[in-house]
Amino acid sequence: MIVLREDLGSVRVLTLNRPEARNALNGELIEALYAALGETDADASVHAVVLTGVDPAFCAGVDLKEAQRLGTVYFEQFRNHSCIRKTAEMATPIIGAINGPVFTGGLEMALGCDFLIASERAVFADTHARVGILPGGGMTARLPQLVGSAMARRLSMTGEVVDAVRAERIGLVTEVVPHEQLLARAVELAGQIAEVPAPIMGGLKRIYATGSAAVTDPALAAEQEISAALSDTTDLAARYAEVSERNRRQIRG
């Protein structure tokens, strides 16, 4: 199973299970995760969701090798079944449990969660620009709300890697825990959410979403329009290899 599902009472844990590719979003994973999120959101017995990945990564983002091979067909799949945007569309509360590296489209997907907690092994980067594509799943709409406009621009423009401690300091994540405690802590928090009557929690989510929509909706529209016009899908694999090596150097320090 490329997306693992486990129900713990009224909490559902969804786990990306493509560890050999650092859970990069190939066509199969895009479809499976989009379906799993939709089915979960429609299941009245699920009151909270935890989204995580099989080690060593949370999600490396889009599968750039597949994107280069398939070109526009790959990105069309994202437009039709965007698991990246789906997290932000969930009516059910969703926590991102960041167990390792999360880059680019994977970070956009994580930002759609209600909040994030991180393992000490987590690292974060927005490398869209460095591989010649632009965000289309909400990066420029949601990242500034967490870390502020200047820091969001810095992260997107430089592509620098942020470790878990710094991520908590700048507001990207709400908590950092030892790696082996991450899932248990995420499920604990999800359980606290699930204790609240579902209509009340659903109303709370709608209030927060309504409050942020005035900022996010125009930003999302602009992001998708400009991204479609300017993203360069040629030679993605080569640029991806260069950026991956740069990221590894930053992580090693």
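This is a tour of one protein chain, stop by stop, for use with the structure open in a viewer.

**The whole chain**

Keep in mind that the model is predicted. Start with the whole chain shown as a cartoon. It contains eleven helices and nine strands. Of its 253 residues, 51% count as buried. Switch to a surface view next: the accessible surface is about 11500 Å², and carbon and sulfur atoms account for 56% of that. The fold also brings together distant parts of the sequence. Of the contacts between residues at least 6 apart in sequence, 74% join residues at least 24 apart.

**The nonpolar cores**

Select Leu25, Leu51, Ile98, Met109 and Phe124. These are the residues with the most contacts inside the largest nonpolar core, which has 48 residues. Helix H1, residues 27–42, gives the most to this core, with five residues. Another core, of 16 residues, lies apart from it; Ile95, Ala186, Ala190 and Ile193 are among its members. For background, nonpolar side chains in soluble globular proteins tend to be buried together.

**The largest pocket**

Now select Cys113, Asp114, Lys205, Tyr208 and Ala209. Among the 40 residues that line the largest pocket, these lie nearest its centre. The volume of this pocket is about 1100 Å³. Which elements each supply at least two residues of its lining? Colour helix H4 (83–89), helix H5 (105–111), strand E6 (115–119), helix H6 (139–147) and helix H10 (198–230) to see them. H10 gives the most, with 13 residues. Colour the lining by class and you should find 23 nonpolar, ten polar and seven charged residues.

**Helix H6 and the residue after it**

Stay with H6 for a moment. Its buried residues are Met139, Ala141, Arg142, Leu143 and Val147. The list includes an arginine, Arg142. Just after H6 comes Gly148, with a positive phi of about 90°.

**Leu155 and the cavity**

Go on to helix H7, residues 149–158, and pick out Leu155. Is Leu155 buried or exposed? Leu155 counts as buried because its relative accessibility is 6%, and the cut-off for buried is under 20%. Next, show what surrounds Leu155. Neighbours within four places in sequence aside, Leu155 is in contact with Asp126, Leu143, Glu160, Val162, Arg166 and Ile170. Leu143 is also one of the buried residues of H6. Then draw a distance from Leu155 to Ala125: the two are 30 residues apart in sequence, and 7.0 Å apart in space from C-alpha to C-alpha.

Both Leu155 and Ala125 help to line the largest cavity. Select the other lining residues as well: Leu107, Phe124, Asp126, Glu160, Val162 and Leu172. The volume of this cavity is about 40 Å³. How many cavities of 30 Å³ or more does the structure hold? It holds one. By class, the lining of the largest cavity has six nonpolar residues, no polar ones and two charged ones. Phe124 appears here in the cavity lining, and it was also among the residues with the most contacts inside the largest core.

**Loops and backbone angles**

The next stops are in loops. Before looking, note that most residues other than glycine have a negative phi, and most peptide bonds are trans.

- Select Asp55 and Pro56. The peptide bond from Asp55 to Pro56 is cis, with omega near 20°. Pro56 is in the loop between strand E3 (48–53) and helix H2 (64–70).
- Select Arg22, in the loop between strand E2 (11–16) and H1. Arg22 is not a glycine, yet its phi is positive, at about 55°. Its relative accessibility of 32% is why Arg22 counts as partly exposed.
- Select Thr104, in the loop between strand E5 (101–103) and H5. Thr104 also has a positive phi of about 55° without being a glycine. Thr104 is buried, because its relative accessible area is 6%.

**Last stop: Arg130**

Finish at Arg130, in the loop between strand E7 (123–125) and H6. With a relative accessible area of 39%, Arg130 is partly exposed. Draw one more distance, from Arg130 to Gly159. These residues are 29 apart along the chain, and their C-alpha atoms are separated by 6.9 Å.

Key: Residues are numbered from 1 along each chain as its sequence is written. This is a predicted model: local features need pLDDT of at least 70, side-chain atom pairs count only at pLDDT 80 or more; totals for chains, interfaces and linings use all residues. Side-chain values use heavy atoms; hydrogens and water are left out. Helices (H or I, at least four residues) and strands (E, at least two) are DSSP runs, numbered from the N terminus. Buried means under 20% relative accessible area, exposed over 50%, partly exposed in between (1.4 Å probe, protein chains only). Contact means heavy atoms within 4.5 Å. Accessible areas come from the Shrake-Rupley method with a 1.4 Å probe; for residues, only the protein chains shown count as cover. On a 1 Å grid over the protein atoms alone, a cavity is a set of points where a 1.4 Å probe fits but cannot get out, and a pocket is an open set with protein on both sides within 12 Å along at least five of seven lines; lining residues have an atom within 4 Å of a point. Grid points are joined across faces, edges and corners, and a volume is the space filled by probe spheres set on the points. Ala, Val, Leu, Ile, Met, Phe, Trp, Tyr, Cys and Pro count as nonpolar, Asp, Glu, Lys and Arg as charged, and the others, Gly among them, as polar. A nonpolar core is a set of buried Ala, Val, Leu, Ile, Met, Phe, Trp, Tyr and Cys residues joined through side-chain atoms within 4.5 Å.
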